[in-house]
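Below is a short colleague's note for use alongside the sequence and the coordinates. Please read the points in order.

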Amino acid sequence: MPTVYLLRHGESMLLRSCALLLRSPDVELAGGATLLADALEELATLTPDIVASDLRLVDSHAMRVAHELGRLPVRPQLLLLTPTADDLQLFAALSAGANAYHVDDGGSSGLVEALKRLHDRRAMLSPQLARQALAAFGIERS
């Protein structure tokens, strides 16, 4: 069972996501915050398996989250939470070191399943992001 730390843009989203994870028998909530600056020391201490973070935080963005996680002694996996798979920052954040993403509809539906897929190394990628990844590597789509 993976341990999860939440980084959400707003307090209401954080509380809603925490409540969802606390009810789930499949994941363990390690903690949560709305500011990356508040979370960094806690992340180093708690060593969660996964950090689930909004693309945009009040004090930061997902690329910085990925960078800061890479500086930890034990780097957790990073699941990006985004309202749409078409967000221009999504591919940049995945390229910066995020492991996967979940399209979050605001109601947190599917979040537990996305966390379980990432923990089991079965994360999904949209066709658009797959094309961007191939193009970044200079590989033409066949």
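The numbered points go from the overall fold to single residues.

1. Status and fold. The model is predicted. Six helices and five strands make up the secondary structure of the protein. Read from the N terminus, the order is β-α-β-α-β-α-β-α-β-α-α, with two helices in succession at the end of that order.

2. Burial and surface. The protein has 142 residues, and 45% of them count as buried. Its accessible surface is about 7400 Å², and carbon and sulfur atoms contribute 54% of that area.

3. Contacts along the chain. Taking the contacts in the protein with a separation of 6 or more, 64% are between residues 24 or more positions apart.

4. Helix α5. This helix covers residues 111–119. Its buried residues are Leu 111, Val 112, Ala 114, Leu 115, Arg 117 and Leu 118; an arginine is thus listed along with Leu, Val and Ala residues. Which elements do the buried residues of α5 pack against? The partners are the helix α1 and the strands β1 (3–7), β3 (50–54), β4 (77–82) and β5 (100–103). After α5 comes Arg 121, which has a positive phi, near 60 degrees.

5. Strand β1 and Thr 3. Thr 3 belongs to strand β1, one of the elements against which the buried residues of α5 pack. Is Thr 3 buried or exposed? Thr 3 counts as buried because its relative accessibility is 18%, and the cut-off for burial is under 20%. Beyond its neighbours within four places in sequence, Thr 3 is in contact with Glu 28, Ala 30, Thr 47, Pro 48, Asp 49 and Ile 50.

6. Helix α1 and Met 13. Helix α1 spans residues 11–23 and contains Met 13. This helix is also among the packing partners of the buried residues of α5. Met 13 has a relative accessibility of 17% and therefore counts as buried. Met 13 and Thr 34 are 21 residues apart along the chain, and their C-alpha atoms are separated by 9.1 Å.

7. Helix α2 and the negative patch. Asp 38, Glu 41, Glu 42 and Asp 59 form a negative patch on the surface. Of these, Glu 41 is located in helix α2, which runs over residues 36–46. Why does Glu 41 count as exposed? The relative accessible area of Glu 41 is 66%, and exposed means over 50%.

Conventions. Residues are numbered from 1 along each chain as its sequence is written. This is a predicted model: local features need pLDDT of at least 70, side-chain atom pairs count only at pLDDT 80 or more; totals for chains, interfaces and linings use all residues. Side-chain values use heavy atoms; hydrogens and water are left out. Helices (H or I, at least four residues) and strands (E, at least two) are DSSP runs, numbered from the N terminus. Buried means under 20% relative accessible area, exposed over 50%, partly exposed in between (1.4 Å probe, protein chains only). Contact means heavy atoms within 4.5 Å. Accessible areas come from the Shrake-Rupley method with a 1.4 Å probe; for residues, only the protein chains shown count as cover. Patches are made of residues with over 30% relative accessible area and no salt bridge: like charges are joined within 9 Å, nonpolar side chains (Val, Leu, Ile, Met, Phe, Trp, Tyr) within 5 Å. A salt bridge is a side-chain nitrogen of Lys or Arg within 4 Å of a carboxyl oxygen of Asp or Glu. Lys and Arg count as positive and Asp and Glu as negative; His and the chain ends are not counted. The place of a charge is taken as NZ of Lys, CZ of Arg, CG of Asp or CD of Glu.
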